[in-house]
Amino acid sequence: MTEHNNTNASGERPTDGSDGTSSGEPLDAAWEAFAQEHADDLDDVARSRNAKRFEKHAKRAEKQALLSVNDLDQGTFTDDAIGPGRGPRDTTASSWLETDAVMDRYGEGFTPPTSFAPTPRRIVLFAALTVIGVLGVIASVLVPRWTGMLGTVFGTLLLIGVAGLVASRRGKRHNDPFDDGARV
């Protein structure tokens, strides 16, 4: 314990009595003198029943694991910041995927659409230009002789189709204050 605070050269021990000896003799010699003077008492303590019990207990404690899994609670292995019983598998509510059960319970006022509004012709045209452009660009890579011409033509069709689809989505503003943008 005093090794960390020893300012003497390595291996050198103080001899001026500052180590606890009053006569100035080295520590080892002082300990030897103490052990010889009290040899009978130290032997009695070493052979005592309490010393043997302590030794047996110390050996048994060394063999035991320092930490067992049973010593830890379940929150050690999971994030129990949200509380016990509140994980993703602990829910008792119905899933939104169980549409039949949910519709039977809550769907009294729901009327499914019988027909959808017709798709505008410009949307069909721009979607077709986009698909033709993508397929044409892929095909132009496979024909090395005409790659330049086919790539230019089909690339232009692809750009026109995508630009038309993006432009057709703009300008659709709904003035209903309760409209959250969700569409079915």
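# A guided tour from Ser140 outward

Please select Ser140, which is found in helix 5. The model on display is a predicted one.

**First stop: Ser140 and its surroundings.** Is Ser140 buried or exposed? Ser140 has a relative accessibility of 3% and therefore counts as buried, since the term applies to values under 20%. Next, select Thr147, Leu150 and Gly151 together with Ser140. Once neighbours within four places in sequence are set aside, these are the residues with which Ser140 is in contact.

**Second stop: helix 5 and helix 6.** Colour residues 121-142, which form helix 5, and then residues 147-169, which form helix 6. Each of these helices supplies at least two residues to a nonpolar patch on the surface. Which residues make this patch? Select Val134, Ile138, Leu142, Val143, Trp146, Met149 and Val153, and display the surface: the nonpolar patch they make covers about 690 Å². Helix 5 gives the most to the patch, namely three residues.

**Third stop: Met149.** Within the nonpolar patch, select Met149. Its place is in helix 6. Why does Met149 count as exposed? The relative accessibility of Met149 is 52%, and the word "exposed" is used for values over 50%. Ser140, at 3%, may be viewed beside it as an example of a buried residue.

**Fourth stop: a charged patch.** Now leave the nonpolar patch and select Asp40, Asp41, Asp43 and Asp44. Together these residues form a negative patch on the surface. Keep Asp43 selected and show helix 2 as well; this helix spans residues 39-46, and Asp43 lies in it. How does Asp43 count in terms of accessibility? With a relative accessibility of 38%, Asp43 counts as partly exposed, because that category holds values between the limits for buried and exposed, 20% and 50%.

**Last stop: the whole protein.** Clear the selection and show the entire chain as a cartoon. The secondary structure consists of six helices and zero strands, and the pattern along the sequence reads α-α-α-α-α-α. Of the 184 residues in the protein, 9% count as buried. Ser140 is buried.

Then display the surface of the whole protein. The accessible surface amounts to about 16,800 Å², and carbon and sulfur atoms account for 58% of it. Finally, consider the contacts between residues with a separation of 6 or more: 43% of them involve residues 24 or more positions apart.

Note on methods: Residues are numbered from 1 along each chain as its sequence is written. This is a predicted model: local features need pLDDT of at least 70, side-chain atom pairs count only at pLDDT 80 or more; totals for chains, interfaces and linings use all residues. Side-chain values use heavy atoms; hydrogens and water are left out. Patches are made of residues with over 30% relative accessible area and no salt bridge: like charges are joined within 9 Å, nonpolar side chains (Val, Leu, Ile, Met, Phe, Trp, Tyr) within 5 Å. Accessible areas come from the Shrake-Rupley method with a 1.4 Å probe; for residues, only the protein chains shown count as cover. A salt bridge is a side-chain nitrogen of Lys or Arg within 4 Å of a carboxyl oxygen of Asp or Glu. Helices (H or I, at least four residues) and strands (E, at least two) are DSSP runs, numbered from the N terminus. Buried means under 20% relative accessible area, exposed over 50%, partly exposed in between (1.4 Å probe, protein chains only). Lys and Arg count as positive and Asp and Glu as negative; His and the chain ends are not counted. The place of a charge is taken as NZ of Lys, CZ of Arg, CG of Asp or CD of Glu. Contact means heavy atoms within 4.5 Å.
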